[in-house]
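Grab a pencil and have a go at the exercises below. Try each task yourself before you read its solution.

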Amino acid sequence: MTKKKFAAGIAAVVLSAAVGASALVFAPIRAKAETGVQNESRISFSVQKALYAHSASNGEDKDAWTAWQCEHDDDLNEVNTNKKYFFLPSGSDDSELEIYNAGSSPVTLNGVDIPSGQSKNVKFELDREYDVNFDGTSSTVTFLHSTAEAAIFVNNTNADGHGTGLAEYLSRDKSLSATATGAIIDENGKVDNTAVKKIKGRGNTTWQKSKKPFNITYDSKVSIAGMNSSKKYSLLANYQDDALIRNRFLYDLSDAVGIPYASDSRFVDLYMDGYYWGSYQLTEKIEVGSSNVVNDISETDYLNEDGTIKTDFAFVCEVDPSSGSDDYKVNCNGTNITIKSPELAPGDPGYEEVKSYVKSKYTGFAYACANPSNRVLSDYADIDSLTKVYLINEFGKNWDAGVASLYFTYKKDSDGVYKFFGSPVWDYDNSLGNCVGIDGDLRNFGVKDYTSYTGWWCRFKGRRSNSKTSSNIMSNIAVNEYILNEAPRIWFEDFVPALRHFSGEKTDPKFEGELYTKDKYFKYLSGTAEMNYRSGWLLNTGSWIADHSKLDSAVFNYDTGKYEVYDTRRIYPQTFEGMYGYCTDWAMNRATWLSGQMYEEYKKPAGILGDVNGDTAVDAADALTILRSSLGLEEIPDDLKPFADIDGDGSTDSSDALSVLRYTVGIDDGKGIGA
């Protein structure tokens, strides 16, 4: 097996060697003068010595060209160099395309002769090998066709002004950016050639991987595969997710259960300078403004009309330990909080005042999460959204819960009171059974079943096994009594119907615009995943990613309120279909376990322990009623009887009355009276 740097083709490291003349790095290949199509009128970027397929049905397009390429390894070294592929977007024709020959000699492909520097229409069958002799080298080429919702083409073969291709240039440093020409092709073949104003790297851990994530800004607003029009998007590589579904599923689930500002997204194929970079998730970027994700806040909300700083104002912040020296941030009791909006620079009006305000508000909120007996959390936060974002993290067993990529939006609630909302959601590739965590941390937390779909997680994260305190805000949220009181109801009334829709067990049209069934997600993913993995991105299980080869299966019994394991022998092959099946099965099994844990609490009659006259207060009148009931002098209504048995011994007697009386004079026996 021969190897050479795949980057020589895909990232244009040695463009001049590939095309044979350095001058051609800076301009499109020109067609042979005597015949054929002039390349400069067909392709907007400099091509390399390869065959190119035009993926757009629109003959005017110059950007949606994709080169043939072979498989690569994780270090971008070419593998099986004589076995080529055309990785085609879903919107391209799947049986006939225009093929351009950028080689120095004529080529015959499936019986069609293509002179050097010319293009011809070629018919083909998908996933069939065709023999080709290209510039004296015998190869095969196979056409593969995506199923993704769109394709994104960005081209600039002179990104640094010195002949460096776009991918290589951007990969040098996350701070680098470039302009580009572009094409967006949806699954129906519609082409949008809006230019790219800026594309640059993004992410923290994922930026260190060879499949890079990016932020992209278009010159004007574009709608991609039915998403709301916007200029700014994020391209998530989902490198660490062999099912390619975890981020999309949990974003869409968040939307379905009513978490504010859940980012909309689509599966797309990404091409740079004609080369296929893999399957990506194009996502609404977390930005404020009327046409962005956080659409009811603006960057200038903190300013009065005269330019002075408001007494109170809305902001968006993120728990972000990876924040750098250039980030606008504050430190709150050892936790870095990045201020995402307003995002100010030194010298901007209110630079220090906004930092001070955010620090004060976040510190008070974090204290209320950790100390419910001292501060009422509902005075500081919207309990509904906070409970839902907790349940998303608990459901996914998200390794990063409370550690990173946890956003909060501070704004007015429906009563006009400023509070923290648990939103927007972001970054869940290390969830749903996908990573093993760090052994030392797990031992400190006292967690032994992290990769299993059973077991609580968030309440332990960041909390040593022998400690009642934690600096991790999600851990404190998970055990806060206000959250625990709401979680069972929200789980069964919001999450369970959405998850049953996702599983296909009980579909509901009301979710279809927000959350697909797992079969529909698979339909969109199957083809793009096949291309992603054939190109070389198949992720082998390593030290960080969990073993996805086997899983016990369970079901929730709504009659008994328990989950029951029924299959302990389910095996998953190391293919996309196998990895997707593992992920979705893990998710549904996790849902059954959580349902079993919260069912009894959910079914518990509504009311307040000790309140037996239904006036929502626990006082001496309740103690007297319980005592009279124990003597047969008064009858407590049936729906309130469960709240008279204070000690839970199955009877109502004088000891229960005494417990309530002690509570009314400030003596708390720890029996939950008043809750």
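Here come four exercises, each with a worked solution.

**Before you start**

You're looking at a predicted model, where local features need pLDDT of at least 70, side-chain atom pairs count only at pLDDT 80 or more, and totals for chains, interfaces and linings use all residues. Residues are numbered from 1 along each chain as its sequence is written, and side-chain values use heavy atoms, with hydrogens and water left out.

**Exercise 1. Get an overview**

Task: Find how many helices and strands the protein has, and what percentage of its residues count as buried.

Solution:
- Step 1: Go through the secondary structure, where helices (H or I, at least four residues) and strands (E, at least two) are DSSP runs numbered from the N terminus. You should get 13 helices and 25 strands.
- Step 2: Apply the burial rule: buried is under 20% relative accessible area, exposed is over 50%, and partly exposed is in between, with a 1.4 Å probe and protein chains only. Of the 675 residues, 54% come out as buried.
- Step 3: Check the box around the C-alpha atoms, taken along the principal axes: roughly 110 × 65 × 45 Å.

**Exercise 2. Look at helix α4**

Task: Work out how many residues of helix α4 are buried, and which salt-bridge partner R248 shares with the loop between β10 and β11.

Solution:
- Step 1: Locate α4 at residues 246-256; 10 of its 11 residues are buried. Among them are F249, L250 and Y251.
- Step 2: Look for salt bridges (a side-chain nitrogen of Lys or Arg within 4 Å of a carboxyl oxygen of Asp or Glu). The side chain of R248 meets that of E149, at 3.1 Å from N to O.
- Step 3: Place the two ends. E149 sits in the loop between β10 (137-145) and β11 (150-155) and R248 in α4, so the pair ties together parts 99 residues apart in sequence.
- Step 4: Check the cover. E149 is buried at 3% relative accessibility, and R248 is buried at 1%.

**Exercise 3. Hunt for unusual backbone**

Task: Which peptide bond leading to P342 is cis, and where does L76 sit?

Solution:
- Step 1: Remember the background: most residues other than glycine have a negative phi, and most peptide bonds are trans.
- Step 2: Check P342. The bond from S341 to P342 is cis, with omega near 0 degrees, and P342 belongs to the loop between β21 (335-341) and α5 (351-370).
- Step 3: Check P424 too. S423 and P424 are joined by a cis bond with omega of about -5 degrees.
- Step 4: Turn to L76, which isn't a glycine but has a positive phi of about 65 degrees. L76 is in the loop between β3 (69-72) and β4 (78-88), and is buried at 13% relative accessible area.
- Step 5: Do the same for L244, another non-glycine, with a positive phi of about 60 degrees. L244 is buried as well, at 3% relative accessibility.

**Exercise 4. Tie two helices together**

Task: Which helices hold D494 and K388, and is each residue buried or partly exposed?

Solution:
- Step 1: Find the salt bridge between the side chains of D494 and K388, at 3.8 Å from N to O.
- Step 2: Name the helices: D494 is in α9 and K388 in α6 (residues 383-396), 106 residues apart.
- Step 3: Compare the cover. D494 is partly exposed, with a relative accessible area of 22%, whereas K388 is buried at 6%.
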